[in-house]
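Got your viewer open and ready? Let's take a short walk through some side chains, one selection at a time.

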Amino acid sequence: MMDMTYPGVVPVHKVNFDAKTEYDMIQNYKVLQDVFNKLKIEKHIEVNRLVKGRPLDNLEFLQWLKRYCDSVNGGIMNENYNPVERRSKGGKDRNSKGSQKTTKSLQANNMHNSASGDTVDLNKMSRPKQGRGSAVAGGATYSEEIQALSKEITNLKLSVDHLEKERDFYFAKLRDIEILCQIPEMEDLPMTVAIKKILYAADAKESALEEAQEYLSEAINTVETEVESEA
């Protein structure tokens, strides 16, 4: 994606497209981070998390990368860009010496086979096709997993938004009650004091309702006693 968005900036010959070990993957991410630094993209790549292969971490990074590239090219893909060709060129540049030796060895084997009249194994010829088929099937499976994870992330974000709105709603109600209890004419009333005991309870594990009810009951009994005495 970065190579398509910024042609010529990514040193494709340094990228190991057959990376299997964490070491090889880290080297690839170093190449990508160097590209980010060169383009002054203020994005730190969490390499230690990404190389673990956890789908959610990689999906979040891919989503960010897609949004960034879309912001640069307006979401319009370069139809002339051929990623397979770019990979093959990168591989040739990266392994030019090894490929030359391999080519010579293959030529020697072909000449030997032709001279001896050996026939070509049809099963071996069919293996690359099977490999391509399995790669397509694997790609479809990964695509389905990515779509499922994207849907799950969207649902979680909606749930979080709903919970935040609900939290803000009830917090606003409590704040209104607190302001009402702070009115000078009301702050010393038994009901107001009882409400404050609930609002300002320090222990979140235990309810302050019983203490407030007990205080309110005592205050009412005291008032009734004073009224009877006056009568």
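Start by selecting lysine 197 and tyrosine 215: the lysine lies over the face of the tyrosine, 5.4 Å from the ring centre. Keep in mind as you go that this is a predicted model.

Stay with lysine 197 and add glutamate 211. Their side chains meet in a salt bridge, with N to O at 3.6 Å. Lysine 197 belongs to helix 8 (residues 190–199) and glutamate 211 to helix 9 (residues 209–230), so this pair ties together parts that are 14 residues apart in sequence. Lysine 197 is partly exposed at 28% relative accessibility, and glutamate 211 is partly exposed too, at 46%.

Next, pick out Arg49, Arg54 and Asp57, which are joined into one network by salt bridges that share partners. Zoom in on arginine 49 and aspartate 57: their closest N and O atoms are 2.8 Å apart. Is each one buried or exposed? Arginine 49 counts as partly exposed, at 39% relative accessibility, while aspartate 57 counts as buried, at 11%.

How many salt bridges does a search of the whole structure find? The answer is eight. For another of them, select arginine 86 and aspartate 3, where the N to O distance is 2.8 Å. Arginine 86 lies in helix 5 (residues 83–94) and aspartate 3 in helix 1 (residues 2–5), so the bridge ties together parts 83 residues apart in sequence. Aspartate 3 is buried, with 9% relative accessibility, whereas arginine 86 is partly exposed at 27%.

Now for the rings. There are four aromatic pairs to look for. Select tryptophan 64 and tyrosine 68 to see a stacked one, 5.6 Å centre to centre with 10° between the planes. Both residues sit in helix 4 (residues 55–73), four residues apart, or about one turn of the helix. Both are also buried.

For an edge-to-face pair, jump to phenylalanine 169 and tyrosine 170. Their ring centres are 5.1 Å apart and their planes stand at 80°, so the pair counts as edge-to-face, the label for angles over 60 degrees. Phenylalanine 169 is partly exposed, with a relative accessible area of 45%, and tyrosine 170 is partly exposed at 48%.

Finally, go back to tryptophan 64 and widen the view. Phe36, Phe61, Trp64 and Tyr68 are linked into a cluster by ring pairs. Add lysine 43 as a last stop: its charged end sits over the ring of tryptophan 64, 5.0 Å from the ring's centre.

Methods
Residues are numbered from 1 along each chain as its sequence is written. This is a predicted model: local features need pLDDT of at least 70, side-chain atom pairs count only at pLDDT 80 or more; totals for chains, interfaces and linings use all residues. Side-chain values use heavy atoms; hydrogens and water are left out. Rings of Phe, Tyr and Trp (its six-membered ring) pair if their centres lie within 6.5 Å; planes under 30 degrees apart count as stacked, over 60 as edge-to-face and the rest as tilted. Helices (H or I, at least four residues) and strands (E, at least two) are DSSP runs, numbered from the N terminus. Buried means under 20% relative accessible area, exposed over 50%, partly exposed in between (1.4 Å probe, protein chains only). A charge sits over a ring if NZ of Lys or CZ of Arg is within 6 Å of the ring centre and within 35 degrees of the ring normal. A salt bridge is a side-chain nitrogen of Lys or Arg within 4 Å of a carboxyl oxygen of Asp or Glu.
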